[in-house]
Amino acid sequence: MRQQNLLMPTLREVPSDAEAVSHRLMLRAGLIRPLAAGVYTYLPLGRRALRKAEAIVREEMDRIGAQEVLLPAMQPAELWRESGRYGVYGPELVRLRDRHDREFALGPTHEEVVTALVRDEISSYRKLPLTVYQIQTKFRDERRPRYGLLRGREFLMKDAYSFDTDWEGLDATYRVMYEAYHRIFTRCGLIYRAVEADAGAIGGEGETHEFMALAEIGEDTVVACSGCDYAANLEKAEAAVSQQAQAGADEGAAPPLERWHTPDIRTIAQLTELLGPEASRLMKTLLYVADGKPVAVMVRGADEVNEVKVQRYLGAEQLELADAETVQTVTGAPVGFAGPVGLSVPLLVDREAAALSEGIAGANERDYHYRHVRPGRDFALAHTGDFREVRLGDRCVRCGEPLTLYRGIEVGHVFKLGTKYSTALGARVAGVSGTEQDVIMGCYGIGVSRLLSAVLEQHHDEQGIVWPLSLAPFYAHILPVSITDNAQRELAEELYNRLQSLGVEALLDDREERPGVKFKDADLIGLPVRLVVGKRAGERVVEYKERQAPEAESLAVEEAIRRVLELVKPSASFVGVK
Ligand code: 9G3
């Protein structure tokens, strides 16, 4: 490709509304342009990199025998009504009416569509197991699209769906898909972790894992053990129970409950300040509304409530913090004085808080707390469990070693769905014995466009993008220092033609620009290797520099070509995999 013609509008200035480094780089290097919030145009460089990511995904899906299909984006609302999800998703589900006023959704995912396909086309167990996949644009009207392709409203996803006749079959399919995901993310040059996850609204009856690319900008938090391979999304992660909680509340009698006048002490911080070392005995009670019903959750003062764990325990569809008015109504006191004693709503107590022999808690009365609150004596321990958020300093539930926490970008998510959709939509097969049975499903997603952003979050430096070979839009960047110098232009053209004919995708910077501009742009778009044709063109000597090498090397053009092939060939041919 000749750069003079290439549609690659680079920017010197960093767009102010782009907070993520990958978003800034994609805008500056001319990979994407915004059309609307969370809606992007892929310019040639961005499209080429996206195609490389697709090719890797496609190859690994084909390798495990998944069959590529292309499902419609326009989905009849009836399907979503049959699955019961039409009402579950609010404004995030893009809805439209066709010319006959029939209701449709623009597909955010395709469980309903693909289950209906299997229902209509497959009736015998002999056709199973079956896995189909697509690489297709999804629509989710995010309230706050941000960080460029990291959270868009229209994005590219590979979504696969598996259909088995029994759970053992699903377990096998899941494992094969899981391994394929490892190959995909490794080939994309990502640093990532597979973590145990929470199935969230998709439901499903089995395990689920997320593939998290490590990046500070990531919206997810990963908990990983330093001593074993335990790793989980913070939403689901659990820590070892503390010694004290293991020992259980010591049976020693606690002093009697004592009301304590605490005028205008409303926050845990103020209480912690006031209590000094006694703050370790703080009992923090928060009021929530779960599917419209108030519920209280108590954790120790220094802990945070893990709302996903609470929601899962309650089996609630919706869970949100109670507003001030509800707190007043339920506890009889304004926010800041809620406590477990005398509560009229269900109380979930984290096992670490339940293990306190005595504690300080709100008295459910303005300006009053209780001291010497004893779990089990002063309030019932009807619901104790793991309701706290894991935090730094906790120990691994498996091996007891310290846990570490870091930010991650969810680039993949695999689920064992079970029969949630096949039962709802009637996808059944006649089993071996002729009995009808609902097919057992799994679903497996990769955010292909999000993957590009995750790669750039991990592969850049001060000067710009540093493409991993596998995703680079071009491999070799040929820069004649002066395009008006005949010797330089001719040698650059020769290099360009020879590399192209050797199957190395090359970009020739044939612009009449100052050398400094060419070098800056080359560093910004970050192709793997740069070949500069300068003053020594007459001797057929060029400068060879890999994007991350500190220095360039002067090489005879034949040697330079050999080095490019050595660097690029193994990854340039997708067809054969070693
Ligand atoms: C919706 C809307 C947003 C959604 C969903 C449905 C996420 C929804 C979960 C999944 C599960 C898997 C197959 C590929 C891998 C992920 N956001 N999910 O179901 F209507 Cl508006 O998509 N689907």
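How far does a polar side-chain atom of Arg 140 lie from an oxygen atom of the ligand? The distance is 3.0 Å, and the legends below start from that spot.

This is a predicted model, in which local features need pLDDT of at least 70, side-chain atom pairs count only at pLDDT 80 or more, and totals for chains, interfaces and linings use all residues. Residues are numbered from 1 along each chain as its sequence is written, and side-chain values use heavy atoms, with hydrogens and water left out.

**View 1. Polar partners of the ligand.** Here we meet the side chains of Thr 109 and Glu 111, each with an N or O atom beside a ligand nitrogen. For Thr 109 the distance is 2.8 Å, and for Glu 111 it is 2.6 Å. For reference, a polar contact is a pair of N or O atoms within 3.5 Å; within protein, one must be able to donate a hydrogen and the other to accept it, and residues adjacent in sequence count only if both atoms are side-chain atoms. The protein covers 91% of the 500 Å² of accessible area that the ligand has on its own (Shrake-Rupley method, 1.4 Å probe; for residues, only the protein chains shown count as cover).

**View 2. The shell around the ligand.** In total, 17 residues surround the ligand (a residue is near if one of its heavy atoms lies within 4 Å). Trp 80, Arg 85, Thr 109, Glu 111 and Arg 140 are the closest. Sorted by class, the shell has 10 nonpolar, 2 polar and 5 charged residues; Ala, Val, Leu, Ile, Met, Phe, Trp, Tyr, Cys and Pro count as nonpolar, Asp, Glu, Lys and Arg as charged, and the others, Gly among them, as polar.

**View 3. Asp 509 in its loop.** Asp 509 is found between strand 28 (506-508) and helix 14 (515-525); helices (H or I, at least four residues) and strands (E, at least two) are DSSP runs, numbered from the N terminus. Is Asp 509 buried or exposed? Asp 509 counts as buried because its relative accessibility is 0% (buried means under 20% relative accessible area, exposed over 50%, partly exposed in between, with a 1.4 Å probe and protein chains only). Its side chain makes a polar contact of 2.8 Å with the side chain of Arg 511. Leaving aside residues up to four places away in sequence, Asp 509 touches Gln 3, His 477, Ile 478, Leu 479, Pro 480 and Lys 518 (contact means heavy atoms within 4.5 Å).

**View 4. Helix 14 and its packing.** The buried residues of helix 14 are Val 517, Lys 518, Asp 521, Ala 522, Asp 523, Leu 524 and Ile 525. They pack against several elements, including helix 1 (21-28), helix 2 (44-63) and strand 29 (529-533). After helix 14 comes Gly 526, with a positive phi near 65°.

**View 5. The two ends of helix 8.** Asn 306 caps the N-terminal end of helix 8 (residues 307-314), placing a side-chain oxygen 3.0 Å from the backbone nitrogen of Val 308. Just after the helix, Gly 315 takes a positive phi of about 65°.

**View 6. Thr 267 and Phe 337.** Look for Thr 267 in the loop between strand 13 (258-261) and helix 7 (268-275). Thr 267 counts as partly exposed because its relative accessibility is 37%. Thr 267 and Phe 337 are 70 residues apart in sequence, yet 8.7 Å apart in space, C-alpha to C-alpha.
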